[in-house]
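Trainee: Could we take a close look at one single part of this protein together? I would like to learn how to place a residue in its surroundings.

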Amino acid sequence: HQPVDLLKTDTTAAKGPLLVDGTISYAVRAAFSKAGEKKGFRAAFAQGDGLSVEYLIVDKKPENSLRPTQLPTLVMTSPKGTSLTIKFTERTKFPYSGVNYLYLARYQAVAEAGEYSFLVTAKRKASIILSVGVKEIPGEVLRGAKPTPSLTPAPATTPTPTPSAAATSTPAPAPAPTKVGYTMAQVRANNSASNCWSVIDDSVYDLTKWINSHPGGSGAIVGLCGTDGSSAFSAKHGNQSRPAAQLSSYRLGPLEK
Ligand code: HEM
């Protein structure tokens, strides 16, 4: 993830930074000192892009002791002007780089073409992390008219280890990972039909969207969520090309070795 810190001056989506390609993975941090403060940003998409937004907090006080109504609200407005308030639907632990995060919401949709606006409004002192996008490649962040290089210029060839979450709480240089890939702990944390990851032959896959499309029934896929599904997959589909092709479309990245 590329960390992006929202500034005190980013008080509306228009004043905040623009994530030039909303499918690239960014960790946008919004920190507030009191109720009523607002911070915003924008993210651009092409028609049909995957729109992925995740709302995370660090699993520590004050955030983890706030009630849902006390946490900052996130309102997303599509290019056509439809607004949506993100609802907190879960409380899933996500350990990453020695920090324990909690997912409170994960929203996915097919994007309209254009800029989405995001506006976060504080109810109390609190910090949140919004993970936008999934592609682990460096992306561009624009502030005003001036293109700024990404805050952490990660080498393009080294994918950062987590896709769908994580987030450094400060835009400090990313720690040089000695290991690259997803951990088994991350896979185990995504062990339900609403967030279903599985390992097959040393790659990690997000099978959530495949559950209800699988010709062999949803149960066969749900049974793989949070586990190493290599033997189940090869036992049934080991020598078939269509299951392998389907599988490849859900690949997140390698399993950490
Ligand atoms: C990530 C895992 C899996 C993927 C991507 C996948 C994909 C597919 C695809 C694409 C088909 C259609 C094949 C065709 O029309 O040529 C299929 C059929 C089927 N799958 Fe899977 N599958 C997975 C896991 C499993 C598992 C673990 C089982 C059983 C334990 C299973 C049981 C079946 C059955 C019974 C069918 C019906 C047709 C047949 O017998 O080949 N699948 N799967």
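Does Gln70 count as buried, partly exposed or exposed, and why?

Mentor: Happy to walk you through it! Keep in mind that this is a predicted model. Gln70 counts as partly exposed, because 15 C-beta neighbours lie inside 10 Å. A residue needs 20 or more such neighbours to be buried and 12 or fewer to be exposed, so a count of 15 falls in between.

Now let us find Gln70 on the chain. Gln70 sits in the loop that links β5 (50-58) and β6 (73-77). If we set aside the neighbours within four places in sequence, Gln70 is in contact with Lys123 and Arg124. You can also look across to Ala35: 35 residues separate Gln70 and Ala35 along the chain, and their C-alpha atoms are 9.1 Å apart.

The strand before this loop, β5, leads us to a sheet. β5 belongs to an open sheet of six strands, in the order β1-β3-β11-β5-β9-β8 and with mixed pairing. At its edges are β1 (2-5) and β8 (92-96), each of which pairs on one side only. On average, neighbouring strands in this sheet are turned by 30° against each other, direction ignored. As a reminder, the strands of a sheet pair through backbone hydrogen bonds, either parallel or antiparallel. One pair to trace is β3 (residues 26-32) with β11 (residues 126-132), which run antiparallel over seven bridges. Within that pair, Tyr26 has Val132 of β11 as its bridge partner.

Let us step back to the whole chain. The protein chain has four helices and 18 strands, and 34% of its 257 residues count as buried. Among its contacts with a separation of 6 or more, 74% join residues that are 24 or more positions apart.

There is a ligand to find as well. Of the 16 residues around the ligand, Gly216, Ala220, Ala232, Arg242 and Pro243 come nearest. The elements that each give two or more residues to this shell are α2 (218-222), α3 (230-237) and α4 (241-248). By class, the shell holds 10 nonpolar, four polar and two charged residues.

Finally, a word on confidence. The chain has an average pLDDT of 85, and 86% of the residues score at least 70. Over residues 145-172, however, the pLDDT is below 50, although this stretch has 71 contacts in the model beyond near neighbours in sequence. Where pLDDT is low, the predicted coordinates should not be read in detail. The model as a whole scores ipTM 0.89 and pTM 0.52.

Note on methods: Residues numbered from 1 in each chain as written. Predicted model: local features only at pLDDT ≥ 70, side-chain atom pairs only at ≥ 80, totals over all residues. Contact = placed C-beta atoms within 7 Å. Near = placed C-beta within 6 Å. Nonpolar A, V, L, I, M, F, W, Y, C, P; charged D, E, K, R; others polar. Pairing = 2+ DSSP bridges. Axes fitted to C-alpha atoms, helices over the stretch in contact; angles between N-to-C directions. pLDDT = per-residue confidence, 0-100.
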